[in-house]
Amino acid sequence: MPNRMAGLATRRFTDYPVTSVFLDLRPRGTRRPGLVFLKKELSQMKKSLPHRAEEAEWGARDIQRIQEAVAEAQREKANHLAVFTSAKEEFLEKYFWTLAPEADLRLPHSFVRGARPRLYPLALLADRLENFLLLVASQRKGELFNIEAGRITKHWEKEAPVHAETRREKRGAFDRRTGNIHTTFTKRVEGHLQALEEKFFRELAKKTADWAKAGSIRSVVLGADPVAGPPVKEKILEQNGRLEVVLAPIDSKLSPARILAAGVQAFRQQEQERSNFRVEELFSPGKRQVFFGAVEILNVLRETRPAGVLVLDEAFHQEAPICGRCSAVTIQTGVCPDCAGPVERSPLENELVCLAAAAGAEIEFVKDSEALAKKGGAGLLV
Ligand SMILES: [Zn+2]
């Protein structure tokens, strides 16, 4: 998703607007509030289109595309969608998601027409629904899950060649005739079993590293017992030192649903820690530069396009007259004094997300940070 997002972020539609729609299609009781919201917005849009002009045709085409996308999302049983369309420029992008209840996310519906695609909900989803791998490992068995939007999309499992039981049997190798325990024999078998176990752990680590590489995944939740945990973690990091591996006590005998719930919880906790760490970095940046305040950050992003980290408070919302062509924040709507582009009142958080995504910056959302709220709810680390 980040690559497609960067493509959207650089697009501007100044002669004919792009319509950005974001809908949560999940039912509430017997109603689907997303569809009710959409119906109202579409009827308003129809009323505001001019009669018998080219623009009316483009508008009708936009409406048709949005309705088709919603029907397609429902056929695919997706419960969220985002559509970006600008019929004049033959531009159409659709995203569907099926969020599991574990994802525990409610985003407001939105329907906007303007010079910029409304990227904000996508960025928030991308941050909250990052893919990760869950490896549940023990001496008996390894199970690997690929998790997207709180759902298992890929699964692999492997039994250990030698179980703990076998090991216990061998340990008691007892000679009935002499009454001795054959320790030398036991040690030899032990050594052999240990080598097999090493090989098994390495295989689990390799599979995990391969999947992470194939899916550009940066986080692994490792649910393991105290015997398997540390060596498997070490082997994963040997294969790919850039992965973040979080150890979580997840029992492999749990049901798949409970394993998933525990894995998602461990991942979220780690995400929360990463967000907190980002906020701490803003206040002790070392040699890096820090900017606070939405307008200031917007100007830095416009001028130097740094690939840093944008940290946004989830509750941050502010509107200002922003130029659809050059992103300048001006005093009033109308025509931009810098580039003569169209200036409309737009949310600053969306402009920030677009500029950051276009610059290839990382976007991190944080919740309930008093320190960041005091600094205006937005920070940029360069
Ligand atoms: Zn401008």
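## Two helices side by side

Let's start with a pair of helices: α2 and α3 are roughly antiparallel to each other. The model you are looking at is a predicted one. Why does this pair earn that description? The two helices pack at an angle of about 165°, and angles over 145° count as roughly antiparallel, so α2 and α3 fall into that group. Their axes are 10 Å apart, and their crossing is left-handed.

Which residues meet here? From α2 come Leu38, Leu42, Met45 and Lys46, and these meet Gly59, Ile63 and Val70 of α3. Sorted by class, the contact of α2 with α3 has 5 nonpolar residues, 1 polar residue and 1 charged residue.

## A second pair to compare

Now move along the chain to helix α9, residues 294–304, and helix α10, residues 348–359. The axes of α9 and α10 come within 10 Å and cross at roughly 30°. Because angles under 35° count as roughly parallel, α9 is roughly parallel to α10. The crossing in which α9 passes α10 is left-handed.

On the α9 side of this contact you can find Ala294, Ile297, Leu298, Leu301 and Arg302. On the α10 side they meet Leu348, Glu351, Leu352, Leu355, Ala356 and Ala359. The contact of α9 with α10 divides into 9 nonpolar residues, 2 charged ones and no polar ones.

## Stepping back to the whole chain

How many helices and strands does the chain have? There are 11 helices and 16 strands. Taken along the principal axes, the C-alpha atoms fill a box of roughly 105 × 50 × 35 Å. The radius of gyration of the chain is 27 Å, whereas a compact globule of 382 residues would have one near 21 Å.

Two percentages help to fill in the picture. Buried residues make up 34% of the 382 residues. Among contacts with a separation of 6 or more, 69% join residues 24 or more positions apart.

## A buried valine

Val220 is a good residue to look up in the structure, and its place is in strand β8, residues 219–224. Is Val220 buried or exposed? A residue needs 20 or more other C-beta atoms within 10 Å to be buried; Val220 has 26 C-beta neighbours inside 10 Å, so Val220 counts as buried.

Leaving aside residues up to four places away in sequence, Val220 touches Phe132, Leu133, Leu135, Thr208, Ala212, Ile236, Leu243 and Val245. You can also try finding Asn240, which is 20 residues from Val220 along the chain. The C-alpha atoms of Val220 and Asn240 are separated by 11 Å.

## Two loop residues with positive phi

Finally, visit the loops on either side of α3. Arg52 lies in the loop between α2, residues 33–48, and α3, residues 54–75. Although Arg52 is not a glycine, it has a positive phi of about 50°. With 7 other C-beta atoms within 10 Å, Arg52 is exposed, since 12 or fewer such atoms make a residue exposed.

Where is Lys77? Look in the loop between α3 and β2, where β2 covers residues 80–86. Lys77 is a residue other than glycine, and its phi is positive, near 60°. Lys77 has 9 other C-beta atoms within 10 Å, so Lys77 is exposed.

Key:
Residues are numbered from 1 along each chain as its sequence is written. This is a predicted model: local features need pLDDT of at least 70, side-chain atom pairs count only at pLDDT 80 or more; totals for chains, interfaces and linings use all residues. Axes are lines fitted to C-alpha atoms, for helices over the stretch in contact, and angles run from 0 to 180 degrees between N-to-C directions. Helices (H or I, at least four residues) and strands (E, at least two) are DSSP runs, numbered from the N terminus. Angles under 35 degrees count as roughly parallel, over 145 as roughly antiparallel, 65 to 115 as roughly perpendicular and the rest as oblique. A crossing is left-handed if the near helix is turned anticlockwise from the far one by less than a right angle, and right-handed if clockwise. Two residues are in contact if their C-beta atoms, placed from the backbone, lie within 7 Å. Ala, Val, Leu, Ile, Met, Phe, Trp, Tyr, Cys and Pro count as nonpolar, Asp, Glu, Lys and Arg as charged, and the others, Gly among them, as polar. The radius of gyration is taken over C-alpha atoms; the globule rule is 2.2 Å times the number of residues to the power 0.38.
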